[in-house]
Amino acid sequence: MQENYLPSRREQFLWWLSTAETVLLKNAVVDRNRHSIIGMLVLATWSFATLAWTYFFSTIVDKVWIACLLGLFMGGIILFIDRALIKGINHSGKQGWKPLIFRMFLAYTIGLFMAQPALLFLFEKEILVQTSLDNEVKKKNKYVELEKLYAPQKKQLLDEKKQLNTNLSLRYQEMIQTSNQFIRESDGTGGSKKIGLKSIALAKKAAADKAAADYYEAAKLINPSIKSIDSNIQMIDQTITKELIAFNQLLNNGFITRIEALDHLVNQNNAVKFRYYLLIVLLMLIELMPVLSKYLLPSGTYALNAALTEKVEMENLRKVNRNEPIDSF
């Protein structure tokens with residue numbers, strides 16, 4: 001026993017991380033190193049969690065200092081959760097396996113989630129390329145959806161335009177046909193074969209003039225309608241263009257978009273898939289190591305002294321309640 005041993009600030013900090021009581025641990029020579037190891041593992045997990053969360057928040061906020069503050073905050077939460085998990089592990093075995101399994105599951109869940117931003121950082125270049133490709137696919141799909149949405153309106157307008165053009169074309173063909181008949185009748189190449197403006201030629205001229213008048217009258221009515229239809233079709237195309245521009249502005253390379261790109265990379269590339277799952281296992285072990293180390297490392301005099309101290313304190317509390325003299329420890 002070294003009752004006068006004074007731990008350094010570094011040791012005290014590591015012991016605090018390992019949830020050890022400094023008063024009891026400074027007299028446990030062998031356990032000092034064990035709890036320092038646990039403290040260093042907790043420190044590593046804390047640092048990893050802070051960096052992972054900082055990177056995560058950097059993908060959703062523009063200001064770096066806000067991402068750093070949020071990363072420190074979430075890293076602190078992970079730290080306190082780890083300390084609670086470690087403090088709850090009892091080497092005596094009285095608690096059974098169920099609490100340990102629950103703690104392992106909780107640590108596994110935290111580690112799995114923390115692995116995501118770390119993986120995004122490690123595969124950042126590949127993910128940015130895949131994100132660009134995914135966004136292009138989204139643009140094409142959006143264009144197809146918009147075209148499908150406005151297709152009935154455009155079809156109706158195009159059908160109306162086709163009908164108007166057909167009517168106008170029929171009037172034009174009629175005008176050309178009657179004009180040709182008049183010309184052939186006039187020069188004797190057709191019709192009655194009589195040259196000159198005879199009665200038949202005059203009649204055909206009147207028919208040609210009437211057909212021309214009908215065509216120009218119809219053109220005055222139909223052309224504005226065709227222009228109106230073209231204008232409406234152009235407005236639909238402009239609406240589609242505006243919606244595409246608005247949609248493109250919403251596309252980004254945020255956290256969810258990068259997660260989707262990472263999933264696409266994993267599904268499309270076996271080499272990436274193998275390293276993806278390997279890194280997940282490695283990164284989850286970082287979170288699990290403090291809990292595993294506390295459970296795997298043997299208990300020494302510190303654990304016995306802590307249990308004895310707690311037992312004495314509980315017995316003294318009972319004696320106080322019964323107004324009996326208490327024992328000193």
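Student: What makes aspartate 230 and lysine 161 a salt bridge?

Tutor: In this predicted model, the closest N and O atoms of aspartate 230 and lysine 161 are 2.8 Å apart, and because a salt bridge asks for a side-chain nitrogen of Lys or Arg within 4 Å of a carboxyl oxygen of Asp or Glu, the pair qualifies as one. The two residues bring distant parts of the chain together, since aspartate 230 belongs to helix α7 (residues 199-250) and lysine 161 to helix α6 (residues 124-187), 69 residues apart.

Student: Why is aspartate 230 called partly exposed?

Tutor: Aspartate 230 has a relative accessible area of 29%, and the term covers values between the 20% limit for buried and the 50% limit for exposed, so aspartate 230 is partly exposed. Lysine 161, at 23% relative accessibility, counts as partly exposed by the same reasoning.

Student: How many salt bridges are there by this rule?

Tutor: The count comes to 8 salt bridges, and one of them joins lysine 87 to glutamate 21, with the closest N and O atoms 3.5 Å apart. Lysine 87 sits in helix α4 and glutamate 21 in the loop between α1 and α2, 66 residues apart in the chain. Lysine 87, with a relative accessible area of 44%, is partly exposed, and glutamate 21, at 42%, counts as partly exposed too.

Student: How do you know that arginine 83 has no salt bridge?

Tutor: The nearest side chain of opposite charge to arginine 83 is glutamate 21, which is 7.4 Å away; because a salt bridge needs the atoms within 4 Å, arginine 83 has none, although it is buried. Arginine 83 lies in helix α4 (residues 64-88) and, leaving aside neighbours within four places in sequence, is in contact with Trp16, Leu17 and Thr19.

Student: Why is threonine 19 called buried?

Tutor: Threonine 19 has a relative accessible area of 7%, and buried means under 20%, so threonine 19 meets the cut-off. Threonine 19 is found in the loop between α1 (9-17) and α2 (22-25), and it has a positive phi of about 65 degrees although it is not a glycine.

Student: What makes aspartate 31 buried, and which residue forms a salt bridge with aspartate 31?

Tutor: Aspartate 31 has a relative accessibility of 2%, and because the limit is under 20%, it counts as buried. Its partner is arginine 34, with the closest N and O atoms 2.7 Å apart. Both residues lie in helix α3, 3 residues apart, about one turn of the helix. An α-helix has 3.6 residues a turn, so residues three or four places apart point the same way.

Student: What makes the span of helix α8 close to the expected one?

Tutor: Helix α8 (residues 255-268) has 14 residues and reaches 20 Å from its first C-alpha to its last, which is close to the 20 Å expected at 1.5 Å a residue. Among the buried residues of α8 are Phe255, Ile259 and Leu262.

Student: Which residues have the most contacts inside the largest nonpolar core?

Tutor: This core has 28 residues, and those with the most contacts inside it are Trp53, Met114, Leu119, Leu120, Ile127 and Leu262. Helices α3 (29-58), α4, α5 (97-122), α8 and α9 (270-296) each supply at least two residues of the core. Apart from it lies another core, of 18 residues, including Leu164 and Ile233.

Definitions and conventions:
Residues are numbered from 1 along each chain as its sequence is written. This is a predicted model: local features need pLDDT of at least 70, side-chain atom pairs count only at pLDDT 80 or more; totals for chains, interfaces and linings use all residues. Side-chain values use heavy atoms; hydrogens and water are left out. Helices (H or I, at least four residues) and strands (E, at least two) are DSSP runs, numbered from the N terminus. Buried means under 20% relative accessible area, exposed over 50%, partly exposed in between (1.4 Å probe, protein chains only). Lys and Arg count as positive and Asp and Glu as negative; His and the chain ends are not counted. Contact means heavy atoms within 4.5 Å. The expected span of a helix is 1.5 Å times one less than its number of residues. A nonpolar core is a set of buried Ala, Val, Leu, Ile, Met, Phe, Trp, Tyr and Cys residues joined through side-chain atoms within 4.5 Å.
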